[in-house]
Amino acid sequence: MSLVKTQAEFLIHVTQLLAKAYELEFIVTGGELYRTVEQQKLYIQQGRSKTMNSKHLTRLAIDLNFFKTQSDGSLSLTYDKKELQQLGNYWESLHPKNKWGGNWESFKDTPHFERAEG
């Protein structure tokens, strides 16, 4: 499958993930989709990333911000793996090449959802 078709399918899955998040009563805002090589190098220098193989470079990863409404009506941003696990599982169920950063072994990146090429 071409990169463009993979990117298109990835975004279809992102829309399904957003719908699932709203179903689970999360409020979602956008984070980062595309990242330049220069930005990736900067993130490595800052310790925010450890690789130049980021799927953000090919527009096959997205970082999302998940908020829960508190009892007083305020919003609370969550990175908690337990709170987001159902979304991560859902994401990975959409396609075998979809991976959630919350399930990574060495580094938990719960706002991160990606798709492998090919």
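Q: What share of the chain's contacts between residues at least 6 apart in sequence join residues at least 24 apart?
A: That's 55%, where contact means heavy atoms within 4.5 Å. This is a predicted model, so to speak up front: local features need pLDDT of at least 70, side-chain atom pairs count only at pLDDT 80 or more, and totals for chains, interfaces and linings use all residues. Residues are numbered from 1 along each chain as its sequence is written, and side-chain values use heavy atoms, with hydrogens and water left out.

Q: What makes the radius of gyration agree with a compact globule?
A: The rule, taken over C-alpha atoms, is 2.2 Å times the number of residues to the power 0.38. For 118 residues that puts a compact globule near 13 Å, and the chain has 14 Å, so the two agree. The C-alpha trace spans about 45 × 35 × 25 Å along its principal axes.

Q: Which elements does the chain run through from the N terminus on?
A: The order is α-β-α-β-β-α-β-β, giving 3 helices and 5 strands. Both are DSSP runs: H or I of at least four residues for helices, E of at least two for strands.

Q: Why is D109 said to have no salt bridge?
A: A salt bridge needs a side-chain nitrogen of Lys or Arg within 4 Å of a carboxyl oxygen of Asp or Glu. The nearest side chain of opposite charge to D109, R35, is 6.6 Å away, and D109 is buried all the same. Buried means under 20% relative accessible area with a 1.4 Å probe, protein chains only.

Q: Where does D109 lie?
A: D109 sits in the loop between β4 (98-100) and β5 (112-115). Beyond its neighbours within four places in sequence, D109 is in contact with G101, G102 and W104.

Note on methods:
Buried < 20%, exposed > 50% of the residue type's maximum accessible area, 1.4 Å probe, protein only. Lys, Arg positive; Asp, Glu negative; His and termini not counted.
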